[in-house]
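Reader: Please take me through the structure shown below. I should like each label to be set against its definition.

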Amino acid sequence: MKKREKVASIMTKDVITVQINESLHRVNDTFKKKSIRHLPVVVDDELVGILSQTDILRISFGNTFGDQNEGDEAIFDMLSINQVMKHSPITVSSEVTIKDVAKILAKKEFHALPVVDEKKLVGIVTTTDIINYFIENGK
């Protein structure tokens, strides 16, 4: 295992994003269709926030009362991405080490970090990426 390996080597580079003016319906559909749990929110190409699948579950009835699609649809119509997302998320650069990213994720209550270089979103790294890295490279 390389002690100073950069996060760029394990991050997802083809990041699926959502524009801030899109609907929560689209966010929910994207989570389901793409089997992902985090979506960076952008205005043009600039990162302004992040949404997690947990954020959507917090505002939906699905997990609480079983199949409540109509209730969820109404909530998704009433709220905007801007109201639900985490604003100004913590980010890292692609030059940060995997170890440093692991330390950040271990101390915080979130599971993904957008990777930003020169104000441009270039990737995303998750706790799953970190765990897989240590499994594949552990001794």
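Reader: What separates Arg 58 and Asp 55 in helix H2 (residues 53-59)?

Author: They are three residues apart in helix H2, and therefore about one helical turn lies between them. Helices here are DSSP runs of H or I with at least four residues, and strands are E runs of at least two, numbered from the N terminus. The model is predicted: local features need pLDDT of at least 70, side-chain atom pairs count only at pLDDT 80 or more, and totals for chains, interfaces and linings use all residues. Residues are numbered from 1 along each chain as its sequence is written, and side-chain values use heavy atoms, with hydrogens and water left out.

Reader: What makes the contact between Arg 58 and Asp 55 a salt bridge?

Author: The term requires a side-chain nitrogen of Lys or Arg within 4 Å of a carboxyl oxygen of Asp or Glu. For Arg 58 and Asp 55 the N to O distance is 3.1 Å, so the pair meets the definition. Side chains of opposite charge can pair when their charged atoms come close.

Reader: Is Arg 58 called buried or exposed, and how do you know?

Author: A residue is buried under 20% relative accessible area, exposed over 50% and partly exposed in between (1.4 Å probe, protein chains only). Arg 58 has 64% relative accessibility and therefore counts as exposed. Its partner Asp 55, at 14%, counts as buried.

Reader: How many salt bridges are there by this rule?

Author: The count comes to two. Besides the pair in H2, the side chains of Glu 22 and Arg 26 meet at 2.7 Å, N to O.

Reader: Why are Glu 22 and Arg 26 called partly exposed?

Author: Glu 22 has a relative accessible area of 24%, and Arg 26 has 35%. Both residues are therefore placed in the class between the two cut-offs.

Reader: What makes strand S2 (residues 38-43) largely enclosed?

Author: Five of its six residues are buried, so the rest of the structure largely encloses S2. Strand S6 (residues 120-126) is mostly covered too, with five of its seven residues buried. Over the whole protein, 39% of the 139 residues count as buried.

Reader: How do you know that S2 is paired with strand S1 (residues 18-19) and strand S3 (residues 46-52)?

Author: Two strands pair if DSSP finds at least two bridges between them. S1 and S2 run parallel and are joined by two bridges, so they satisfy the rule; Val 18 has Val 41 of S2 as its bridge partner. S2 and S3 pair over six bridges in the antiparallel sense, and Val 42 stands opposite Leu 47 in S3. Two residues lie between the strands of this hairpin, where Asp 44 takes a positive phi near 60°.

Reader: In what sense do strand S5 (residues 112-117) and S6 run?

Author: S5 and S6 run antiparallel and are joined by six bridges. One of the partnerships is that of Asp 117 with Lys 120 in S6. In their hairpin, Glu 118 takes a positive phi near 50°.

Reader: Which residues form the positive surface patch?

Author: The patch is formed by Arg 4, Lys 6, Lys 99, Lys 103, Lys 107 and Lys 108. Patch members need over 30% relative accessible area and no salt bridge; like charges are joined within 9 Å, nonpolar side chains within 5 Å. Lys 107, found in helix H6 (residues 98-107), is exposed at 72%, so it passes the area cut-off.

Technical notes:
Accessible areas come from the Shrake-Rupley method with a 1.4 Å probe; for residues, only the protein chains shown count as cover. Lys and Arg count as positive and Asp and Glu as negative; His and the chain ends are not counted. The place of a charge is taken as NZ of Lys, CZ of Arg, CG of Asp or CD of Glu.
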